[in-house]
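Let's work through some exercises on empty space in a protein. Keep the viewer open and try each task before reading its solution.

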Amino acid sequence: MPIEINDWLQGLGLGQYASAFHDNAIDAAVLPELTAEDLKDLGVNLVGHRRKLLAAIATLRSDLPSSGTPITSTEPVQPGVEGGQAERRQLTVMFCDLAGSTALSTRLDPEDLRDVIAAYHRAVAEAVGGFDGFVAKYMGEGVLVYFGYPRAHEDDAEHAVRAGLGIIEAVGRLDVKSAKLQARVGIATGLVVVGDLIGEGSAQEQSVVGETPNLASRLQALAEPDAVVIAAATRRLVGDLFEYRYLGAFEVKGIAEPVPAWRALRPSAVASRFEALRGSPLTRLVGRDEEIDLLMRRWQRAKAGAGQIVLISGEPGLGKSRITAALEERLQAEPHLRQRFFCSPYRQDSALYPFIDQIGRAAGLIPSDPPAARLEKLEVLLARASISDEDVAFLADLLSLPGHPLPNLSAQRKKERTLEALIGRLNSLARRRPVVAIFEDAHWIDPTSRELLDLTVERVRNLPVLLMVTFRPEFQVPWTGEPHVTMLVLNRLDRRNRTTLVNQVAGGKALPDDVVAQIAERTDGVPLFIEELTKSVLESRLLRVEGDHYVLDGPLPPLAIPTSLHASLVARLDRLGAVRHVAQMGAAFGRWFRYTSLRVVSGLSEDELQTSLARLVASELVFQSGTPPDAVYTFKHALVQDAAYGSLLRTARQQLHRRIAEALETHSPELIDSQPEFHRPFGNGGGGSAIRKGAGSANAAAGRLRTSPPGARASEFSGHRAAIC
């Protein structure tokens, strides 16, 4: 029976979103496709509402026909790129199976077994849906799940592991037909081709082709009941966010080398995502001397009793957390107290989570401790701050520890008194010794913590406190303009500092000049990009060590996007929705392209093209210079351009380049002579020639067009002819 969207929303108690769903043409066919990002676009801003909707959507998926949830894209075929929606992607693939299902089938009546399998499928779908996974197929007791498709996220591998652990827990809690259920999960990450529709009718599904799904399936078969087993690439991406047990290397059918595997046990106790993902030791801070000097000056003011707030803004990878760590290194010899608060993308609906987490870490609370022992540890911690018994009671209640009676207050008044108790603790600590407080990733803050942060900014004016708040540019900051508040926006590194950082990551061994130049050029001064691309080069087989330097073993090919950056880059593109194909077409021209050139080949109307380009500019993926028809667009990052271009299948690239050549030759031959981007060579100065009038067929013309972006493989592209032929 078709789903009535309004009734469905009303049944969830979320009828207020009915008009938004209607205005955005969300019908029963589209509903199972919605992701967390889509819900944000629809105006579902409360995390609790999004979680409720995602869980309900996951249940809808599990109730679809036996093929699972074969979601087809609602976007039109990309203009100029025939061949459907399949694309190249880095994907994290999960295989989940119900352990002991054969024994269950011999013991249970088929109808009872059906109920068991249905409950198991729902539990898996809900756990996966909560982490934006895509249930691609149900295969009896097996479930195939993608993370990173149809929309990528910067932390898809982490989503997969958290979902896997959630599946183990959720399936273990099921009580259906008195059957004790256990799941086992295998997870792998790698490059695939995804999106080809295979089969017909209810058996239709979107396939994934590549080694990754096979590896995930093999790991699932190796897993014990109640175990999540992950491959090496996934393990690298999730760093120390989890606790693991190394299982050794296994011979896997179809894979030449033994495959190392780890069992993910539980989330780790490492509070800082920066530390968990980057590890230690940290590289020496490069190019931030002025920023550190500013922080030291604000520290001097704070020590004197004039509290200071420093707001540190920057896009991912610019080093917000790294600069706070550098300041802590500077202050090691000075007497002070340090407090660190971490917002989490998974705790945005948990009131005061950063503060609960900080107190728990400071008190040394362990989940396995009995409540009495946890309360004792908390009381010891709070005794050092000399706060009132009533404040101790509110903070104990905040950590769900009984033992201190609370006054009879309304819910609102109780919240207000809890916030006052937290402020009182900071006030008491600051009167003992100057405090450095670091509030990380405020873009993930929960609403109640935001209220407390507002109060803190106001109350520290006359306290010896330096509060640093880090966040991404999308976070709306209300405190600018206050005399004790300083905004520090991190910029990219200049060319000299890029080179310095490359050499530092290389461990002091000199890299060839052309390798350093290509890394510096393609990473655009983003420290994380520089470090990851340099590590990727060092781990490749392009170089060998000779004495105190590296040498190339052959010609330098364009450098591939590191696995650690791929998901983050593609996620930025996926947020564009239907406009994504315009970015892909623009990427085929190179790092920059002209409006007139794109108009010739896009097949879009003026209004459609200008609207699409305006969205690209608004997303800050490209910069615009001038106005149409004289506008020029430049990708903000070379690696984003590479990601956009690299997501196209080779056949789609060939078709796009042929279309470019034919359109220019047929409709705008004057562009061939007047626009230098069509004959400027790629990469770091390789050769190339321009199309000239009378060049002959489109294919011949294409052979002389500049087409291959810096990230294209040299073997794939030797001028435009190789891109087509």
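Two exercises follow, both on a predicted model.

**Exercise 1.** Describe the second largest pocket: how much space does it hold, and which residues and elements line it?

*Solution.*
1. Start with the volume: the second largest pocket encloses about 1800 Å³.
2. Next, find the wall. The lining has 49 residues, and E37, K40, R472, E474 and R575 lie nearest the centre of this pocket.
3. Now map the lining onto helices. Two or more residues each come from α3 (36–41), α4 (47–62), α17 (447–459), α21 (563–574) and α24 (606–618). The largest share, five residues, belongs to α4.
4. Finally, sort the lining of the second largest pocket by character: 19 residues are nonpolar, eleven polar and 19 charged.

**Exercise 2.** Turn to the cavities: how many of 30 Å³ or more are there, and what lines the largest one?

*Solution.*
1. Count them: with a cut-off of 30 Å³ or more, the structure has three cavities.
2. Pick the largest cavity, with a volume of about 160 Å³.
3. Look at its lining of 15 residues; Q339, F341, F355, L422 and L426 are nearest the centre of the largest cavity.
4. Assign the elements. At least two lining residues each are supplied by β10 (337–342), α13 (353–363), α16 (411–432), β11 (435–440) and α17. With four residues, α16 gives the largest share.
5. Sort by character once more: the lining of the largest cavity has eleven nonpolar residues, three polar and one charged.

Methods: Residues are numbered from 1 along each chain as its sequence is written. This is a predicted model: local features need pLDDT of at least 70, side-chain atom pairs count only at pLDDT 80 or more; totals for chains, interfaces and linings use all residues. Side-chain values use heavy atoms; hydrogens and water are left out. On a 1 Å grid over the protein atoms alone, a cavity is a set of points where a 1.4 Å probe fits but cannot get out, and a pocket is an open set with protein on both sides within 12 Å along at least five of seven lines; lining residues have an atom within 4 Å of a point. Grid points are joined across faces, edges and corners, and a volume is the space filled by probe spheres set on the points. Ala, Val, Leu, Ile, Met, Phe, Trp, Tyr, Cys and Pro count as nonpolar, Asp, Glu, Lys and Arg as charged, and the others, Gly among them, as polar.
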